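Hi,

Here is the structure I promised to pass on. Have a look at it first, and then read my notes below.

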Amino acid sequence: MIGAGVAGLVMATVLAGRSAAVCVIHRQDPATRASHFAGGMLAPWCEAADATPALVAPGIEAIDWWARHVPETCREGSLVVAAQRDQGELARFARRTAGHRMCPAAEIEPELDGRFSQALFFAGEAHLDPRAALRALAAGLERQGVEIREGEVEEADHAGFDHVIDCRGHAAAPMLPDLRGVRGEMLLLRCPGVTLRRPVRLLHPRIPLYVVPRGGGVFMVGATMIESADRRAVTARSAVELLNAAYALHPGFAEAEILEAGSNIRPAFPDNMPALRRQGRVLHLNGMYRHGFLLSPHFARRAAAIVFGEDTMETGEAA
């Protein structure tokens, strides 16, 4: 296994759960992985607003998968709101999604009383802290005797493994010509005066925003989607836009402490959906885009079926 982001650790967990002997090789500090900057929203219905409806069923399964492996997974649903002038965006979102009901925002999040008259509540959705979740998976793998070590890609190619699964994200772009980078930027804010219990999405024609509670008065605010593989730090414009949008959602964020401003590159194929690709003895699991936590369990199970000979896949094929 190459890569210890969400795809790699989920893949290793699925294989170890089927009694495979697994070794995870990585060469990145956790803080440099795209998974480190993820929102951690398990929101299949919401994500279907701008993606294929085919992700809904595997996304629902992922909520149960994460709840089994990370007990701290929070199943409080998610809320979608829009300013009064942007009610057309809320209506559009409602038409493009299922699994919701329209209700006053304050019914679900009392602190939004007086700010948003209507909201869409997706009761079946969930969220988790990505960094804590990945630590939990790594600890679970180590308890099962799975070795997780730093190393080079070439080591995995020539170390006598029966199967090599490459889950490196955008780092694998030289081997996957149609893999592109989509830059995402986020903020971590500490604001004990705000007590939102679930992810809240603020719809906007130009700057859609989500705020995800991480516990202890900490919130992740994200995220930009820029068609670029530029790895520089968060830009001033993005930081201002995220902070302004957070303030528009809840004025309490004006007093927030900025704990972190981070950015990284999401790996994406042209259709913005993950895929399995075989190149010789290497099976690539990549293209997670913004769906890493939502779709990794499904694609890891499919990859495991290939590894165990339950599904066939020839060199050059994609799935």
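Helices α3 and α9 are roughly perpendicular to each other, because angles of 65 to 115 degrees count as such and theirs is about 95°. Their axes lie 8 Å apart, and α3 covers residues 56-69, while α9 is residues 292-307. Bear in mind throughout that this is a predicted model.

So who touches whom there? From α3, the residues in the contact are Pro58, Gly59, Glu61, Ala62, Trp65 and Trp66; from α9 they are Phe293, Leu294, Leu295, Pro297, His298 and Arg301. By type, that contact splits into eight nonpolar, two polar and two charged residues.

α9 has other partners too. It packs on a sheet, where it touches β8, β14 and β15, and its direction makes about 30° with that of β14. Perhaps no surprise, then, that α9 is mostly covered, with 13 of its 16 residues buried. Just after α9 comes glycine 309, with a positive phi of about 75°.

Now the sheet itself. It is an open one of three strands, ordered β8-β15-β14, with mixed pairing. β8 (164-166) and β14 (275-279) are the edge strands, each pairing on one side only. From one strand to the next the twist averages 25°. β14 and β15 (residues 282-286) run antiparallel and are joined by five bridges; in this pairing, arginine 278 stands opposite leucine 283 of β15. The hairpin of these two strands has two residues between them, and glycine 280 takes a positive phi there, near 65°. Although β14 is an edge strand, it is mostly covered: four of its five residues are buried.

Two residues other than glycine also have a positive phi, and you may want to look at both on screen. Asparagine 272, in the loop between β13 (257-268) and β14, has a phi of about 60°. Tyrosine 289 sits in the loop between β15 and α9, with phi near 50°. Which of them is buried and which is partly exposed? The cut-off for buried is under 20% relative accessible area, so tyrosine 289 at 15% is buried, whereas asparagine 272 at 22% is partly exposed.

Last, a buried charged side chain. Arginine 198 is in the loop between β9 (180-190) and β10 (200-203), and its relative accessibility is 6%, so it counts as buried. What does its side chain meet in the way of polar partners? One is the backbone oxygen of glutamate 76, which lies 2.7 Å from a polar atom of the arginine 198 side chain. Another is the side chain of glutamate 109, joined to that of arginine 198 by a polar contact of 2.9 Å. Setting aside neighbours within four places in sequence, arginine 198 is in contact with Glu76, Gly77, Ser78, Ile108, Glu109, Phe121, His127, Val211 and Pro213.

If you open just two views, I would pick the α3 and α9 crossing, at about 95°, and the surroundings of arginine 198, with glutamate 109 at 2.9 Å.

Cheers

How values were computed:
Residues numbered from 1 in each chain as written. Predicted model: local features only at pLDDT ≥ 70, side-chain atom pairs only at ≥ 80, totals over all residues. Heavy atoms only, no water. Pairing = 2+ DSSP bridges. Axes fitted to C-alpha atoms, helices over the stretch in contact; angles between N-to-C directions. Contact = heavy atoms within 4.5 Å. Nonpolar A, V, L, I, M, F, W, Y, C, P; charged D, E, K, R; others polar. Buried < 20%, exposed > 50% of the residue type's maximum accessible area, 1.4 Å probe, protein only. Polar contact = N/O pair within 3.5 Å; in protein donor to acceptor, adjacent residues only side chain to side chain.
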